[in-house]
Amino acid sequence: MDGNNDVCIPVSENKSEQVHGQVSIEKEFDYSQRGQWLRAAVLGATDGLVSVSSLMMGVGAVKQDARAMFLTGFAGLVAGACSMAIGEFVSVYSQRDVEVAKMKRDKKISGNEEESEKEALPNPIQAAAASALAFMLGAIMPLLAAAFIVDHKVRLGVVVATVSLGLVVFGWIGAVLGGSPVVKSCFRILVGGWMAMAITFGLTMGIGSTVM
């Protein structure tokens, strides 16, 4: 008998496929998380832009004083940033508590996996800071646009023009991140911003004319 007893050991490719699949899932999750953060930042900046500019337009409807208009916008910036930060902190912290409780129920936190699992949890402080900064980024635009203009009508026009440009930019960014049509997204956000400023301007002017 010839000793030709070759032993063929089948090598399973399942392990490599599992590793590849795990890496793909992790990358997909990472990009998804980044997209969510970017969309949240765009929404926060849009909120700051629209709310502060609407406040300034409302005050501008009854007062021609540039100082009053600027201080109102600045107060709106500070109040809005604090409100966004607190709201985001509470929301993300609640979400974190829910996820921690779920992981404990599923017994996912154990041994060396504890730190890696905790790192994947949302950070409330980071979320609050990002939300506040995004709001301030949008709110600072109408403030800077109106800060150095003396003429009242020109100041109002510059605020509207600056806000319109900012809304188009934010709408474009949001459309790119969300994969939606750019023109429709920009149009929706632009019309929404115009409506917010127009309603605030008109109602404040109407109330101011009857009260003052």
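Let's start at Ile125, which sits in helix α4, the stretch covering residues 124-146. Keep in mind that this is a predicted model. Ile125 has a relative accessibility of 61%, so it counts as exposed, the cut-off for that being over 50%. It isn't alone out there: together with Ile86, Phe89, Val90 and Tyr93, Ile125 makes up a nonpolar surface patch with about 490 Å² of accessible area in total. Helix α2 supplies the largest share of that patch, 4 residues.

So much for the patch; now follow α2 itself. This helix runs over residues 66-105, 40 residues in all, and spans 58 Å from its first C-alpha to its last, close to the 58 Å expected at 1.5 Å a residue. An α-helix has 3.6 residues a turn, so residues three or four places apart point the same way. The buried residues of α2 include Ala68, Met69, Gly73, Gly76, Leu77, Gly80 and Ala81, with Ala85, Val92 and Met103 also on the list. At the start of the helix, a side-chain oxygen of Asp65 comes within 3.2 Å of the backbone nitrogen of Arg67.

That end of α2 brings us to Arg155, a residue of helix α5 (residues 152-178). Arg155 has a relative accessible area of 0%, so it is buried. Leaving aside residues up to four places away in sequence, Arg155 touches Gln64, Asp65, Ala66 and Met69, plus Ala146, Ile149 and Val150. With Gln64 there is a polar pairing: a polar atom of the Arg155 side chain lies 2.9 Å from the backbone oxygen of Gln64. Finally, look at Met57, 98 residues from Arg155 along the chain: the two C-alpha atoms are 9.8 Å apart.

Note on methods:
Residues numbered from 1 in each chain as written. Predicted model: local features only at pLDDT ≥ 70, side-chain atom pairs only at ≥ 80, totals over all residues. Heavy atoms only, no water. Helix = DSSP H or I, 4+ residues; strand = E, 2+ residues; numbered from the N terminus. Buried < 20%, exposed > 50% of the residue type's maximum accessible area, 1.4 Å probe, protein only. Contact = heavy atoms within 4.5 Å. Polar contact = N/O pair within 3.5 Å; in protein donor to acceptor, adjacent residues only side chain to side chain. Expected span 1.5 Å × (residues − 1). Patch = residues over 30% accessible without salt bridge, like charges linked within 9 Å, V, L, I, M, F, W, Y side chains within 5 Å. Areas by Shrake-Rupley, 256 points an atom, 1.4 Å probe, with all protein chains shown as cover. Salt bridge = Lys/Arg side-chain N within 4 Å of Asp/Glu carboxyl O.
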